[in-house]
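I am opening a notebook on this structure, and I will write down what I looked up in the order in which I looked.

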Amino acid sequence: KALELFDELQQRGLEPDVITYSALISACEKGGRWEKALALFAELQRRGVEPTIVTYSAVISACEKGAQWEMAVEVFAKLQQRGLEPNIITYSALISACEKGGQWE
């Protein structure tokens, strides 16, 4: 349903913002659609929408759900390169992603 609403929003000529993208990425993550979450993250960057720590945390959580620990680590590195400060949610998502990937050390 979230993806349908996103399409409808765009059909009405409205431009999605970082809040819209973050909510949709989170919905995809919760629905087990991690690949779609990553595609949306790439799309928002192509459109010049500036991701926030909430966006990055949702993407890292999506990576965790998809057992993509290496991608989660890459996303974490990108947010640090951009000068964003990770929060407890970000760290928890990254730790969970690494745990699922068997990366204990």
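**Entry 1: Ser 61**

I began with Ser 61, which counts as buried because its relative accessibility is 14%, and the cut-off for buried is under 20%. I note at the outset that the model is predicted. I then looked up where this residue sits, and found Ser 61 in helix α4. Leaving aside residues up to four places away in sequence, I found that Ser 61 touches Glu 29 and Ala 93.

**Entry 2: α2 beside α4**

Since Ser 61 also appears in the contact of α2 with α4, I turned to that pair of helices. I recorded that the axes of α2 and α4 come within 9 Å and cross at roughly 15°. That angle makes α2 roughly parallel to α4, and I noted the crossing as left-handed.

Which residues of α2 meet α4? I listed Val 18, Ser 22, Ile 25, Ser 26 and Glu 29 on the α2 side, and on the α4 side Val 54, Thr 55, Ala 58, Val 59, Ser 61, Ala 62 and Lys 65. Sorted by kind, the residues of this contact are six nonpolar, four polar and two charged.

**Entry 3: Val 18 and Asp 17**

I stayed with Val 18, which lies in helix α2. Not counting residues up to four places away in sequence, Val 18 touches Val 49, Glu 50, Pro 51, Thr 52 and Thr 55. I also looked up how far Val 18 is from Ala 67, and wrote down 25 Å between their C-alpha atoms, with the two positions 49 residues apart along the chain.

Asp 17 belongs to the loop between α1 (2-11) and α2. Its relative accessibility is 37%, so I entered Asp 17 as partly exposed. From Asp 17 to Gln 80 I noted 22 Å, C-alpha to C-alpha, for a separation of 63 residues in sequence.

**Entry 4: α2 beside α3**

Next I looked at helix α2 (residues 18-30) with α3, and found them packed at an angle of about 165°, with their axes 8 Å apart. That makes α2 roughly antiparallel to α3, and here too I wrote the crossing down as left-handed.

In this contact Tyr 21, Leu 24, Ile 25 and Cys 28 of α2 meet Trp 34, Lys 36, Ala 37, Leu 40, Phe 41, Glu 43 and Leu 44 of α3. I counted the kinds as nine nonpolar, no polar and two charged. I marked Ile 25 in my list, for it is among the α2 residues that meet α3 and also among those that meet α4.

**Entry 5: an aromatic pair**

How many aromatic pairs does the structure hold? I found three aromatic pairs. One of them joins Phe 41 and Tyr 56 edge-to-face, with 5.4 Å from centre to centre and 70° between the planes. Phe 41 is in helix α3 (residues 34-46) and Tyr 56 in helix α4 (residues 53-65), 15 residues apart, and the pair thus links distant parts of the chain. Are these two residues buried or exposed? I recorded both Phe 41 and Tyr 56 as buried.

**Entry 6: α5 beside α6**

I moved on to helix α5 (residues 69-81) and helix α6 (residues 88-100), whose axes come within 8 Å and cross at roughly 155°. The two helices are therefore roughly antiparallel to each other, and the crossing of α5 and α6 is left-handed.

On the α5 side I listed Trp 69, Ala 72, Val 73, Phe 76 and Leu 79, which meet Thr 90, Tyr 91, Leu 94, Ala 97 and Cys 98 in α6. The residues of this contact divide into nine nonpolar, one polar and no charged.

**Entry 7: Ala 67 and Gly 101**

I went back to Ala 67, which I placed in the loop between α4 and α5. At 48% relative accessibility, Ala 67 counts as partly exposed. Its phi is near 55°, a positive value in a residue other than glycine. I set beside this the background that most residues other than glycine have a negative phi.

Last, I looked up Gly 101, in the segment after α6. With 27% relative accessibility, Gly 101 counts as partly exposed. The C-alpha atoms of Gly 101 and Glu 15 are separated by 36 Å, and the two residues are 86 residues apart along the chain.

How values were computed:
Residues numbered from 1 in each chain as written. Predicted model: local features only at pLDDT ≥ 70, side-chain atom pairs only at ≥ 80, totals over all residues. Heavy atoms only, no water. Axes fitted to C-alpha atoms, helices over the stretch in contact; angles between N-to-C directions. Helix = DSSP H or I, 4+ residues; strand = E, 2+ residues; numbered from the N terminus. Parallel < 35°, antiparallel > 145°, perpendicular 65-115°, else oblique. Left-handed = near helix turned anticlockwise from the far one by under 90°. Contact = heavy atoms within 4.5 Å. Nonpolar A, V, L, I, M, F, W, Y, C, P; charged D, E, K, R; others polar. Phe/Tyr/Trp six-rings, centres within 6.5 Å; stacked < 30°, edge-to-face > 60°. Buried < 20%, exposed > 50% of the residue type's maximum accessible area, 1.4 Å probe, protein only.
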